[in-house]
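Q: Please take a close look at a single strand and its place in the sheet. Which residues pair with which, and how are the faces arranged?

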Amino acid sequence: MTKITFVRPGGEREIVNAEPGHSVMETAVDNGIDEIVAECGGCLACATCHVYVDEADLDRLPPPSAAEDAMLEATAAPRTLCSRLSCQLKATPELGDLTVHLPSEQY
Ligand code: FES
């Protein structure tokens, strides 16, 4: 099972198991990670599921789609090269364990 480590803005880490095929956003919501708001439920319409993927994991991820890339322009916290929308990141065995840093704001 894929383990996802959520790092809160203050540095606190929470490690949770992701159901296969679930998104990082769904995994966060299911486990009470409040920093992920996910207002649109994963429809790529809100950018309130913004995360910063750990640099060590960045190269293993598929690149964002054009629609995700466009929506990343609407994040509340600054966009960086590590920015992704967690509703678009699926937990799969191929992906392996993942660490994401939570932004301090989603609005
Ligand atoms: S949950 Fe709305 S864009 Fe990801």
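A: In this predicted model, H50 has L85 of β4 as its bridge partner. Y52 is matched in turn with S83, also in β4. These contacts belong to the pairing of β3, residues 50-53, with β4, which is antiparallel and comprises three bridges.

β3 also pairs with β5, residues 98-101; here too the strands run antiparallel, joined by two bridges. On this side V53 has V100 of β5 as its bridge partner. Strands of a sheet pair through backbone hydrogen bonds, in either the parallel or the antiparallel sense.

The side chains of a regular strand alternate between the two faces of the sheet. In β3, H50 and Y52 lie on one side, V51 and V53 on the other, and all four residues are buried, so both faces of the strand are covered.

The wider setting is an open sheet of five strands in the order β2-β1-β5-β3-β4, with mixed pairing. The edge positions belong to β2 (13-18) and β4 (83-85); each has a single partner strand, so one side of each lacks a neighbour in the sheet. From one strand to the next, the twist averages 35 degrees. Within that order, β3 sits between β5 and β4, and its bridges to β4 include the H50 to L85 pair and the Y52 to S83 pair.

Definitions and conventions. Residues are numbered from 1 along each chain as its sequence is written. This is a predicted model: local features need pLDDT of at least 70, side-chain atom pairs count only at pLDDT 80 or more; totals for chains, interfaces and linings use all residues. Side-chain values use heavy atoms; hydrogens and water are left out. Two strands pair if DSSP finds at least two bridges between them. Axes are lines fitted to C-alpha atoms, for helices over the stretch in contact, and angles run from 0 to 180 degrees between N-to-C directions. Buried means under 20% relative accessible area, exposed over 50%, partly exposed in between (1.4 Å probe, protein chains only).
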